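Subject: A structure for you to look at

Hello,

I am passing a structure on to you, and since you have not worked with it before, I have added some notes to go with it. Please open it first and keep it beside you as you read.

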Amino acid sequence: MSKLTLQFEGRQLKDYVVGGGLTIGRLPDNAVIIDNPAVSGHHARVVCEGDHIVLEDLHSTNGTWVNTQQVTRHALAHGDVVLIGKHHLVFDQRATADPQVPIQSLGDTVYLDTKEHRALRATLEDARVQAERMAKERAVTKATARAGVLHVIAGDADTDEYDLTAQTSLIGRSSSAHVRLRGWFKPAIAAAITRSSDGYLVTPMGGKPSLNHEPLTKGHLLQEGDVLTIGGLALEFRWRDPQRTESAA
């Protein structure tokens, strides 16, 4: 099921199932509420159009951005990072089905369609998604052999190796970045690495990142030995050695 994960300064706040669509803004009648002066009352919306999930800006004051590009209408792809105000929304495309949540009553199956009941259905759906997310996180924790790392092979860095354990790891000058770039002229967010069941997707966000000495212009699923060069750092993607993980534990 497609979802958006709301993040602020690298912290994951909440998952939202896209379903039939949702609105994003500062006012309480939005599905995704972002209480920030930089966000318009009704800032943007996400709608389903056939097999596509489309993001639309609702004539917001400060604009809607996807992967550092300002957009008015954009068909979302897996791993896209939406910027609204100072918050990020990471798009995760799992499936297109949006099952209804039935409630049994007097032996009959009824589907809820009042405003109050729709709110209850949304609560039940949030609980289901939360349970699925926790189950996936537990599975990821056990599958340590599939955890990735970025190994520094050139440049001035805070450490020799960066673990990619978060759902989204940011690279840039920002204090919220997992991999910090040094220098005033480095981009605040240069790239985002999103973890999913398929592996790790790196998406360019700013500056001029390259992958294996070629310009990185769109999302790329990282493979063992890929070298990401960005902001003076050369970072080699590796899968974690499970024996080293077990000994460290």
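Below is what I found, grouped by region.

Before anything else, please keep in mind that this is a predicted model.

Let me begin with the strands. Strand β6 covers residues 52–57, and five of its six residues are buried, so you will find this strand mostly covered. It has pairing partners that you can trace in the model. With strand β5 (residues 44–49), β6 pairs in the antiparallel sense, over six bridges. With strand β9 (residues 73–75), β6 is again antiparallel, this time over three bridges.

A good residue to click on here is E56. In the pairing with β5, E56 of β6 is the bridge partner of R45. Towards β9, E56 stands opposite R73.

The β5 and β6 hairpin has two residues between its strands, and G50 takes a positive phi there, near 65°.

That brings me to backbone angles elsewhere. Most residues other than glycine have a negative phi, which is why the next two residues caught my eye. N67 is not a glycine, yet its phi is positive, at about 50°. You will find N67 in the loop between β7 (64–66) and β8 (69–71). H213 is not a glycine either, and its phi is positive at about 70°. H213 belongs to the loop between β20 (210–211) and β21 (214–215).

Are these two loop residues buried or exposed? N67 has a relative accessible area of 15%, which is under the 20% cut-off, so it counts as buried. H213, with a relative accessible area of 70%, is over the 50% cut-off and therefore counts as exposed.

Finally, the aromatic rings. There are three aromatic pairs in the structure. One of them joins F237 and W239 edge-to-face, with 5.1 Å from centre to centre and 75° between the planes. The angle is over 60 degrees, and that is why the pair is called edge-to-face. F237 has a relative accessibility of 1% and therefore counts as buried. W239 is partly exposed, because its relative accessible area is 22%. Together with Y200, F237 and W239 make up one aromatic cluster.

If you would like a place to start, try E56, with R45 as its bridge partner and R73 opposite in β9.

Enjoy exploring, and best wishes

Methods. Residues numbered from 1 in each chain as written. Predicted model: local features only at pLDDT ≥ 70, side-chain atom pairs only at ≥ 80, totals over all residues. Heavy atoms only, no water. Phe/Tyr/Trp six-rings, centres within 6.5 Å; stacked < 30°, edge-to-face > 60°. Buried < 20%, exposed > 50% of the residue type's maximum accessible area, 1.4 Å probe, protein only. Helix = DSSP H or I, 4+ residues; strand = E, 2+ residues; numbered from the N terminus. Pairing = 2+ DSSP bridges.
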